[in-house]
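Work through the exercises below with the sequence and the model open. Each task is followed by a solution in steps.

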Amino acid sequence: MALLSRFGISLPKDLLADFDKLIAKKNYTNRSEAFRDLIRQELVKKEWEEGEDVAGTITIIYDHHQRELVTKLMDIQHDHGKNIISTQHIHIDHHNCMEIIAVRGSAKETQKLADTLKSVKGVKHSTLGMSSTGKHIR
Ligand code: NI
């Protein structure tokens, strides 16, 4: 386990009360773990902003009856093979498919792949889960 440092934080009372309410809703059992997660979130955000090696997931929802759309999504994924770690395809119902694409690479390339998939006509919804390789997060 990493060495722990303790330090005090001065906060307006109202802000601390709001923070306590927020973390209770999110099921944190103490403030320290909530603060650690906030710091980690900022570090991951910095990784994306500074174009480092990042990891994440792209989730897309589309109707597989649109054959041209399916082909286009497949072509894009083949063109970005070096950034795609794995793909999971889930048949949600008769019409709708969900694809969860695990990605890794430079933040710029990964964001571009997510934007390219999202902009394809017929994609109903798309999200980019911006995560980290974990290398620089403690
Ligand atoms: Ni499907």
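**Exercise 1. Salt bridges**

Task: How many salt bridges does this predicted model contain, and which residues do salt bridges that share partners join into one network?

Solution.
- Step 1. Apply the cut-off: a side-chain nitrogen of Lys or Arg within 4 Å of a carboxyl oxygen of Asp or Glu. The count is eight salt bridges.
- Step 2. Start with Glu33. Its partner is Arg36, and the closest N and O atoms are 2.8 Å apart. Both residues sit in helix H2, three residues apart, or about one turn of the helix.
- Step 3. Move to Asp37. It forms a salt bridge with Arg40, again with closest N and O atoms 2.8 Å apart. Asp37 and Arg40 also belong to helix H2 and are three residues apart, about one turn of the helix.
- Step 4. Check Lys46 and Glu50. Their closest N and O atoms are 3.6 Å apart, so the pair passes the 4 Å cut-off.
- Step 5. Assemble the network. Salt bridges with shared partners join Glu33, Arg36, Asp37 and Arg40.

**Exercise 2. Exposure of the charged residues**

Task: Are Glu33, Arg36, Asp37, Arg40, Lys46 and Glu50 buried, partly exposed or exposed?

Solution.
- Step 1. Set the limits: under 20% relative accessible area is buried, over 50% is exposed, and partly exposed lies in between.
- Step 2. Take the acids of the network. Glu33 has 28%, so it is partly exposed. Asp37 has 28% and is partly exposed.
- Step 3. Take the arginines. Arg36 is at 34%, hence partly exposed. Arg40 is at 25%, hence partly exposed.
- Step 4. Finish with the remaining pair. Lys46 is partly exposed at 38%. Glu50 reaches 51% and counts as exposed.

**Exercise 3. The aromatic pair**

Task: How many aromatic pairs are there, and is the pair of Phe19 and Phe35 stacked, tilted or edge-to-face?

Solution.
- Step 1. Count ring pairs with centres within 6.5 Å. The result is one aromatic pair.
- Step 2. Read the geometry. The ring centres of Phe19 and Phe35 are 4.8 Å apart, and the planes meet at 35 degrees.
- Step 3. Classify. Planes under 30 degrees apart would be stacked and over 60 edge-to-face. At 35 degrees the pair is therefore tilted.
- Step 4. Place the rings. Phe19 is in helix H1 and Phe35 in helix H2, 16 residues apart, so the pair links distant parts of the chain.
- Step 5. Add accessibility. Phe19 is buried at 14%. Phe35 is partly exposed at 25%.

**Exercise 4. The nonpolar core**

Task: Which residues of the largest nonpolar core touch the most other members, and which elements each supply at least two residues?

Solution.
- Step 1. The core has 15 residues. Ile58, Ile60, Leu73, Ile101, Leu113 and Leu117 touch the most other members.
- Step 2. Strand S1 (53-63), helix H3 (67-79), strand S3 (96-106) and helix H4 (107-118) each supply at least two core residues.
- Step 3. Inspect Ile101. Beyond four places in sequence, its contacts include Ile58, Ile60, Ile84 and Leu117.
- Step 4. Set this against the general trend: in soluble globular proteins, nonpolar side chains tend to be buried together.

**Exercise 5. Two buried strand residues**

Task: What do Asn96 and Val123 contact beyond four places in sequence?

Solution.
- Step 1. Asn96 is in strand S3. It is buried, with 14% relative accessible area.
- Step 2. Asn96 contacts Tyr62, Asp63, Ile90, His91 and Lys124.
- Step 3. Val123 is in strand S4 (residues 123-132). It is buried, with 15%.
- Step 4. Val123 contacts Ile60, Ile61, Tyr62, Leu69, Leu73, Leu117 and Lys118.

**Exercise 6. Backbone and surface**

Task: Where is Asn27 placed, and which residues make the nonpolar surface patch of about 400 Å²?

Solution.
- Step 1. Asn27 lies in the loop between H1 and H2. It is exposed, at 66%.
- Step 2. Check phi. Most residues other than glycine have a negative phi. Asn27 has a positive phi of about 70 degrees, although it is not a glycine.
- Step 3. Phe7, Ile9, Leu11 and Leu15 make the patch.
- Step 4. Leu15 is in helix H1 (residues 13-25). At 47%, Leu15 is partly exposed.

Conventions: Residues are numbered from 1 along each chain as its sequence is written. This is a predicted model: local features need pLDDT of at least 70, side-chain atom pairs count only at pLDDT 80 or more; totals for chains, interfaces and linings use all residues. Side-chain values use heavy atoms; hydrogens and water are left out. Patches are made of residues with over 30% relative accessible area and no salt bridge: like charges are joined within 9 Å, nonpolar side chains (Val, Leu, Ile, Met, Phe, Trp, Tyr) within 5 Å. Accessible areas come from the Shrake-Rupley method with a 1.4 Å probe; for residues, only the protein chains shown count as cover. Helices (H or I, at least four residues) and strands (E, at least two) are DSSP runs, numbered from the N terminus. Buried means under 20% relative accessible area, exposed over 50%, partly exposed in between (1.4 Å probe, protein chains only). Rings of Phe, Tyr and Trp (its six-membered ring) pair if their centres lie within 6.5 Å; planes under 30 degrees apart count as stacked, over 60 as edge-to-face and the rest as tilted. A nonpolar core is a set of buried Ala, Val, Leu, Ile, Met, Phe, Trp, Tyr and Cys residues joined through side-chain atoms within 4.5 Å. Contact means heavy atoms within 4.5 Å.
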